[in-house]
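Me: I should like to go through this structure by question and answer, beginning with the annotated positions. Please reason briefly in each reply and end on the value or name requested.

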Amino acid sequence: MINCRCIVLVGMPGSGKTTVGRELAKRLGLRFADSDHEIEARTGVKIPTIFEIEGEDGFRKRETQTLDELTTESDLVLATGGGAVINPLNRTLLSERCAVVYLNVPPHILWERTRHDRSRPLLQVPDPKGRLQQLYTARDPLYREVAHIIVEGGRGTPHAMVRMVEKELQVLCAH
Ligand SMILES: Nc1ncnc2c1ncn2[C@@H]1O[C@H](COP(=O)(O)OP(=O)(O)OP(=O)(O)O)[C@@H](O)[C@H]1O
Ligand SMILES: O=C(O)C1=C[C@@H](O)[C@@H](O)[C@H](O)C1
Ligand SMILES: [Mg+2]
């Protein structure tokens with residue numbers, strides 16, 4: 001039985017989790033949370049600073065802790081970080097506790113959306129476009145593994161994405 005009172009969005013950096021999640025929550029009358037924002041609020045620093053001080057491993061530990069706490073809540077739409085599915089423990093807790101939606105956006109569109117943004121430490125490399133492609137190839141199967149719903153998010157406005165997600169949720173959560 002899928003818990004439709006907790007809705008989780010997963011997908012690559014730039015796939016629209018925060019944008020779509022915020023509007024979806026408003027339309028469904030649910031609270032919105034974003035695990036990246038929650039980690040920043042708890043630590044009092046931005047994610048690149050956490051990566052600098054604690055490395056990716058330190059960030060991932062904080063991420064698991066935060067996801068574990070947030071997914072026990074009800075009446076929530078939760079936007080996750082792009083790498084939330086890497087850890088098998090995170091995958092289990094997301095898919096067992098919540099209805100999981102994968103926003104699938106092709107890498108060339110992700111690149112257009114994120115190319116001027118410096119807030120993603122994993123993309124601060126000499127070839128960020130190649131890195132996005134690499135991350136997409138590695139993670140796409142993991143997003144699919146956890147998802148109850150997959151929405152193709154490359155075309156259409158954020159609002160259109162929200163409507164698609166709502167429609168799919170109505171079917172998934174009808175029983
Ligand atoms: N459907 C869409 N069409 C066009 N632009 C979009 C769409 N969805 C999101 N965007 C834009 O793409 C950028 C990234 O979106 P957003 O921050 O919501 O992604 P994210 O999945 O939360 O990324 P991250 O994992 O880095 O937090 C934003 O500038 C947003 O306005
Ligand atoms: O793709 C990733 O691994 C990340 C995406 C962001 O949402 C943040 O969670 C962090 O920058 C790591
Ligand atoms: Mg986001």
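Me: Which residues does UniProt list for "binding site" together with Arg120?
Reply: The model is a predicted one, and the annotation comes from an unreviewed UniProt entry. Besides Arg120, that record lists Gly14, Ser15, Gly16, Lys17, Thr18 and Thr19.

Me: Is Gly14 buried or exposed?
Reply: Gly14 lies in the loop between β1 (6-10) and α1. Its contacts beyond four places in sequence are Val105, Leu110, Arg113 and Thr114. A residue is buried if 20 or more other C-beta atoms lie within 10 Å of its own. Because Gly14 has 24 C-beta neighbours inside 10 Å, its class is buried.

Me: Which residues does Arg120 contact, leaving aside neighbours within four places in sequence?
Reply: Arg120 is placed in the loop between α5 (107-114) and α6 (128-146). With 19 other C-beta atoms within 10 Å, Arg120 falls below the cut-off of 20 for a buried residue, so Arg120 is partly exposed. Its contacts outside that sequence window are Pro13 and Thr114.

Me: Which helix supplies the largest share of the shell around ligand 1?
Reply: The shell around ligand 1 has 19 residues, and the closest are Pro13, Gly16, Lys17, Thr18 and Thr19. Two helices, α1 (17-28) and α7 (158-172), each supply at least two residues of this shell. The largest share, 3 residues, comes from α1.

Me: How many residues of the shell around ligand 1 are polar?
Reply: The shell around ligand 1 comprises 19 residues. By class, 4 of them are nonpolar and 4 are charged, while the number of polar residues is 11.

Me: Where does Gly82 lie, and which residues does Gly82 contact beyond four places in sequence?
Reply: Gly82 is covered by the UniProt annotation "binding site" (unreviewed entry), as are Asp36, Arg60 and Arg139. Gly82 counts as buried because it has 24 C-beta neighbours inside 10 Å. Its position is in the loop between β3 (76-79) and α4 (88-97). Its contacts beyond four places in sequence are Met12 and Pro13.

Me: Why does Asp36 count as buried?
Reply: Asp36 belongs to helix α2 (residues 35-43). Beyond four places in sequence, Asp36 touches Ile47 and Gly81. The cut-off for a buried residue is 20 or more other C-beta atoms within 10 Å. Asp36 counts as buried because its number of C-beta neighbours inside 10 Å is 22.

Me: Which elements do the buried residues of α2 pack against?
Reply: Helix α2 has Ser35, Asp36 and Ile39 as its buried residues. They are on the same side of α2, because they cover an arc of only 105 degrees around the axis. The elements against which these buried residues pack are β2 (31-34), α3 (47-70) and β3.

Me: Which residue just after α2 takes a positive phi?
Reply: Helix α2 spans residues 35-43. Just after it, a positive phi of about 80 degrees is taken by Gly44.

Me: What is the radius of gyration of the protein chain?
Reply: The secondary structure of the protein chain comes to 7 helices and 5 strands, and 35% of its 175 residues count as buried. Along its principal axes, the C-alpha trace spans about 50 × 35 × 25 Å. A compact globule of 175 residues would have a radius of gyration near 16 Å, and the protein chain agrees with this, its value being 15 Å.

Terms used. Residues numbered from 1 in each chain as written. Chains lettered and ligands numbered in written order. Predicted model: local features only at pLDDT ≥ 70, side-chain atom pairs only at ≥ 80, totals over all residues. UniProt positions renumbered as here; feature names shortened; annotations may be inferred. Buried ≥ 20, exposed ≤ 12 C-beta atoms within 10 Å, placed from the backbone. Contact = placed C-beta atoms within 7 Å. Near = placed C-beta within 6 Å. Nonpolar A, V, L, I, M, F, W, Y, C, P; charged D, E, K, R; others polar. Rg over C-alpha atoms; globule rule 2.2 N^0.38 Å. Arc of directions from axis to C-beta.
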